[in-house]
Amino acid sequence: MRGKQVVAVASTLALAAAGLGVGAMPAAAAASDQHVIVVGIDGLRFDKIAPANATNLEALIASGYSSTTWLYAAPMSQTLSGPGWATNLTGVWPDKHRVLSNSWGTSSNITQYPDFLSRVEAANPALSTYAAATWAPIIDGSAGSPLITSAVDTRYVSTGDSDTAANVLGQLGKTAAPNASFVHFDDVDEAGHADGAASSEYLAAVAEIDGYVGKIRQAVAKRPTSEQWSIIVTADHGHTDAGGHGGNTPPERSSFIIKTGPGITKTTPTIKPKNVDIAADVLSTFGIPIPAALDGRPLATASTDPFDSMVGSLGSAVDETAIPAATKGWTHAVPSGWSIDNTGMGTGGVTEWRGWSLTDDDFWTRTDPGQGRETNVRARGVFAVADSDEWSDKTHTGLFNSRLVSAPYTVTAGSTATITFGSHYRKEGNETASVLVSFDDGATWTTASTLAGDSTAAIQTVRVAVPAGKTSMRVAWALTNGDNNWYWAVDAPRVG
């Protein structure tokens with residue numbers, strides 16, 4: 001249905017229909033000199049920007065914030081455009097927005113988790129919003145509920161990428177340009193399907209879209225100096241060298257985020273962002289509170305995860321010989337005050353997973369693709385893993401029995417301490433995952449919680465009564481009796 005123009009002015013009715021009732025609107029909404037344009041390039045691989053001599057994208061990278069990112073894979077969702085753009089636009093993962101294919105019908109939760117433009121409209125109707133897309137389902141509802149709702153001021157479905165570029169340039173040439181925009185280009189993805197990401201045709205398509213990005217940059221540069229403009233560029237998925245996507249290989253799961261704007265200097269973050277961060281970042285630009293339901297956070301948010309402090313300690317594979325040597329992503333070292341207790345741990349096995357380890361997405365998901373590790377989407381940066389499945393892939397004796405023990409947490413005697421952490425657990429057989437606590441520095445341990453079954457891509461909360469006279473508590477995550485019995489990943493632990 002390309003070529004169809006959709007224009008809608010936000011109204012109380014439209015906002016309510018998008019699940020963004022008028023109660024979300026401030027009493028005195030005001031316009032803003034802030035402007036954000038998110039450019040979505042369908043199917044673009046970050047590693048193909050330089051070979052394509054994409055000078056405009058390279059200039060954004062050279063002067064701004066840039067990072068590769070990782071997406072999910074089945075069983076959470078295939079790496080397709082519907083799930084990819086829904087994730088970028090809503091700021092939640094597919095297990096929430098439920099856009100799981102390129103034809104999602106009425107089964108999605110887009111009404112519950114609307115796009116960031118619709119959220120901007122709901123929070124401040126004085127801000128103007130705009131979207132243009134070459135792939136019509138983003139806007140026109142031809143595949144299910146529109147990913148960008150009718151609450152948005154102006155929506156345009158184009159006849160092709162050149163038409164998309166012309167329409168957005170028309171918007172940028174207006175006296176009052178949109179405050180928040182989303183622009184979608186499709187030709188790179190089409191070239192990937194037709195000729196593969198390793199082809200000259202794919203690079204030519206990247207160069208073509210880079211030219212449109214350059215025109216957008218030029219139009220922004222001509223805007224009044226009183227306006228503050230940010231440009232974010234991202235993709236919905238990658239492509240294999242041969243062409244195609246939807247699977248769980250690194251090229252298919254690859255995406256990226258590039259951002260330039262006021263106060264941003266060249267930055268390559270040590271801890272990679274997530275695609276769900278785009279929506280949160282746009283909202284934060286306009287001072288809009290980020291809903292608790294969102295999975296993302298503003299870009300460049302400082303990490304408070306103790307595991308992330310060990311990113312410099314990650315090393316190359318030892319026994320996981322299928323992982324490239326350049327992919328450094330595991331260690332048995334832990335943060336100061338933490339420890340790994342391998343009492344009762346079997347001998348031998350794969351070195352990287354002998355007891356608890358620290359790892360990252362790139363390394364861990366390469367160990368054995370297709371076993372659900374790719375759906376550990378809520379873990380960021382460095383996280384802890386007890387993987388009896390991979391450990392047992394080399395000759396060993398005994399069982400997997402290992403504890404990851406925290407540094408002491410300060411608690412209040414007679415109160416309730418709340419332990420929270422990201423959890424990605426697949427249970428099988430007699431393997432057991434438990435959270436234990438000690439109020440006497442590890443002399444005595446008490447089981448606070450045992451996971452009854454699979455707990456994937458979840459945030460776990462465990463509440464513990466603090467005994468009288470106790471002001472210090474350690475926490476241990478114990479995986480026991482494992483032998484080729486899947487895994488447990490833990491991230492961002494804290495006690496409050």
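1. In this predicted model, six strands form an open sheet in the order E9-E12-E13-E22-E17-E20, and their pairing is antiparallel. Strand E9 (330–331) and strand E20 occupy the edges; each has a single partner strand, so one side of each is left without a neighbour in the sheet.

2. Within this sheet, the contact between E13 and E22 can be described residue by residue. Strand E13 comprises residues 383–387 and is joined to E22 by four bridges, the two strands running antiparallel. At this contact, valine 385 lies opposite alanine 489 of E22.

3. Alanine 489 also appears in the lining of the largest cavity. A search of the whole structure returns one cavity of 30 Å³ or more, and the volume of the largest cavity is about 60 Å³. Its lining consists of Asn376, Arg378, Ala379, Gly422, Ser423, His424, Ala457, Ala458, Ala489, Val490 and Asp491. The elements that contribute two or more residues to this lining are strand E17 (416–426), strand E20 (455–465) and strand E22 (487–495). These three strands also stand in the order E22-E17-E20 within the six-stranded sheet.

4. What is the make-up of the lining of the largest cavity by class? Five of the residues are nonpolar, four are polar and two are charged. Among the lining residues are Arg378 and Asp491, as well as His424 and Asn376.

5. A separate matter is strand E21, which spans residues 472–482. Is this strand mostly covered or mostly uncovered? Strand E21 is mostly covered, with eight of its 11 residues buried; the cut-off for burial is a relative accessible area under 20%.

6. Strand E21 has antiparallel bridges to several strands. Strand E15 (residues 400–405) is linked to E21 by five bridges, in an antiparallel arrangement; here phenylalanine 400 has glycine 482 as its bridge partner. Strand E16 (residues 409–410) also runs antiparallel to E21, with two bridges between them, and tyrosine 409 faces methionine 473 of E21.

7. Strand E18 (residues 432–438) is likewise antiparallel to E21, and seven bridges join the two. In this pairing, serine 434 stands opposite alanine 478 of E21. The partners of E21 described here therefore include E18, given that two strands pair if DSSP finds at least two bridges between them.

Terms used. Residues numbered from 1 in each chain as written. Predicted model: local features only at pLDDT ≥ 70, side-chain atom pairs only at ≥ 80, totals over all residues. Heavy atoms only, no water. 1 Å grid on protein atoms, 1.4 Å probe; cavity = no way out; pocket = protein on both sides within 12 Å on 5 of 7 lines; lining within 4 Å. Points joined across faces, edges and corners; volume = space filled by probe spheres on them. Nonpolar A, V, L, I, M, F, W, Y, C, P; charged D, E, K, R; others polar. Buried < 20%, exposed > 50% of the residue type's maximum accessible area, 1.4 Å probe, protein only.
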